[in-house]
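Please open the model in your viewer and keep the selection tool at hand. The tour below goes from stop to stop, telling you what to select and what you will find there.

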Amino acid sequence: GPDGGWDNCHDDPHRAGCSSVHRLCGASSASPYLLRLIDLGSAIDTYSLQHLYGREGPSAEQLTLEYAPPEALFGRYWEGSRAMKPRMWTYDMWSVGVVWLELLLGTPHVFQLSPHTRSLLDAKLRLSERSEGDRQLVYLLRGMMEWCIYPPQVPSNRRSRRELMSWSCTEASLMRMIKERDPTGLGMDHPLGLRLLQRLLHWEPSFRPTAAQALNHAYFTRDWKASHDSEKKSGAAGAGASSRGYQCTTAFGELGWC
């Protein structure tokens with residue numbers, strides 16, 4: 001891979017092979033991981049945001065919905081969204097999270113709702129009166145919320161919050177959901193992986209790590225496999241047991257953070 005490491009395109013997005021439609025985030029002597037990101041849709045970067053799409057950014061029809069982050073899809077609907085400063089790498093890291101979830105679940109439709117849930121939304125929100133683009137955004141938002149990805153403005157009333165999200169967002173619950181939806185039945189191999197995935201798929205772009213910060217995560221830098229295997233043999237490892245030994249005292253983005 002390129003000498004610059006995984007984050008070479010984010011450091012210099014104009015180098016060869018790292019255009020707004022083709023970004024290679026690859027291996028180096030420090031890391032064996034390679035991921036190629038190709039965007040054949042809106043190809044959002046700083047230039048396109050400033051000159052092509054206007055103040056509100058691209059519309060839903062101009063985006064590849066499955067890989068677009070919340071600030072691109074829903075930013076215009078949330079108070080304070082205009083204060084966000086869109087950056088190319090935050091889009092990319094969201095896409096990395098989606099690709100990872102696709103690999104875990106064996107499907108490109110990781111936020112897809114069941115027909116039953118869609119029918120309930122159609123009836124309750126009268127979506128038949130909305131445009132197709134609006135309906136797809138509502139479905140996608142609900143699908144994200146099932147993975148506990150949701151806007152920060154949640155209802156203050158506890159009853160309203162329960163009605164909005166009646167499922168659990170604990171680490172154990174999410175690990176269990178991944179395993180249930182994984183056609184192989186294996187699920188995520190360690191809760192530290194889930195923590196990194198949640199950061200990549202965080203609603204707030206500033207909470208997502210850069211590629212270099214992601215590679216510093218404890219999931220890649222700590223030797224958790226040996227202890228995890230021994231706990232499985234002893235039957236002591238629950239959905240979140242193995243991660244308890246890793247207290248997140250390291251600063252965000254630094255080597256070993258989690």
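Begin with the cysteines C148 and C169, whose link has an angle of -100° about the S-S bond and is therefore left-handed. Before going further, please keep in mind that this is a predicted model.

**The disulfide**

With C148 and C169 still selected, look at their sulfur atoms, which lie 2.0 Å apart and form a disulfide. A disulfide is a covalent bond between the sulfur atoms of two cysteines. A search of the whole structure finds 1 disulfide, and the pair joins distant parts of the chain, with C148 in the loop between helix 6 (132-146) and helix 7 (158-164), and C169, 21 residues apart from it, in the loop between helix 7 and helix 8 (171-181).

Are the two cysteines buried, exposed or partly exposed? C148 has a relative accessibility of 16%, so it counts as buried, whereas C169, with a relative accessible area of 31%, is partly exposed.

Stay with C148 a little longer and inspect its backbone, where phi is near 65°, a positive value in a residue other than glycine. As background, most residues other than glycine have a negative phi.

**Helix 8 against helix 9**

Next, select helix 8 together with helix 9, which pack at an angle of about 95° with their axes 10 Å apart. That angle makes helix 8 roughly perpendicular to helix 9. To see which side chains meet, show E171, L174, M175 and I178 in helix 8, and then P191, L194, R195 and Q198 in helix 9. Coloured by class, this contact has 5 nonpolar, 1 polar and 2 charged residues.

**Helix 4 against helix 9**

Keep helix 9 (residues 191-200) on display and add helix 4 (residues 88-105), so that you can follow two axes that come within 8 Å and cross at roughly 135°. This crossing makes helix 4 oblique to helix 9. On the helix 4 side, the contact is made by M93, W94, V96, G97, W100, L101 and L104, while helix 9 contributes G193, L196, L197 and L200. Which classes of residue does the contact of helix 4 with helix 9 have? It has 9 nonpolar and 2 polar residues, and no charged residues.

**An aromatic cluster**

From the helix 4 contact, move on to W100 and show the rings around it, for ring pairs link W100, Y219 and F220 into a cluster. The structure holds 5 aromatic pairs, and one of them is formed by W100 and Y219, which lie 5.7 Å centre to centre with 35° between the planes, a tilted arrangement. This pair, too, links distant parts of the chain, since W100 belongs to helix 4 and Y219 to helix 11 (residues 218-221), 119 residues apart. W100 counts as buried because its relative accessibility is 17%, and Y219, at 14% relative accessibility, likewise counts as buried; the cut-off for that word is under 20% relative accessible area.

**A last stop at T117**

Finally, select T117, which has its place in helix 5 (residues 115-125). Is T117 buried or exposed? Its relative accessibility is 12%, so T117 counts as buried. Leaving aside the neighbours of T117 within four places in sequence, the residues to display around it are R142 and E146, with which T117 is in contact.

Conventions:
Residues are numbered from 1 along each chain as its sequence is written. This is a predicted model: local features need pLDDT of at least 70, side-chain atom pairs count only at pLDDT 80 or more; totals for chains, interfaces and linings use all residues. Side-chain values use heavy atoms; hydrogens and water are left out. Helices (H or I, at least four residues) and strands (E, at least two) are DSSP runs, numbered from the N terminus. Buried means under 20% relative accessible area, exposed over 50%, partly exposed in between (1.4 Å probe, protein chains only). Contact means heavy atoms within 4.5 Å. A disulfide is a pair of cysteine sulfur atoms within 2.5 Å. Axes are lines fitted to C-alpha atoms, for helices over the stretch in contact, and angles run from 0 to 180 degrees between N-to-C directions. Angles under 35 degrees count as roughly parallel, over 145 as roughly antiparallel, 65 to 115 as roughly perpendicular and the rest as oblique. Ala, Val, Leu, Ile, Met, Phe, Trp, Tyr, Cys and Pro count as nonpolar, Asp, Glu, Lys and Arg as charged, and the others, Gly among them, as polar. Rings of Phe, Tyr and Trp (its six-membered ring) pair if their centres lie within 6.5 Å; planes under 30 degrees apart count as stacked, over 60 as edge-to-face and the rest as tilted.
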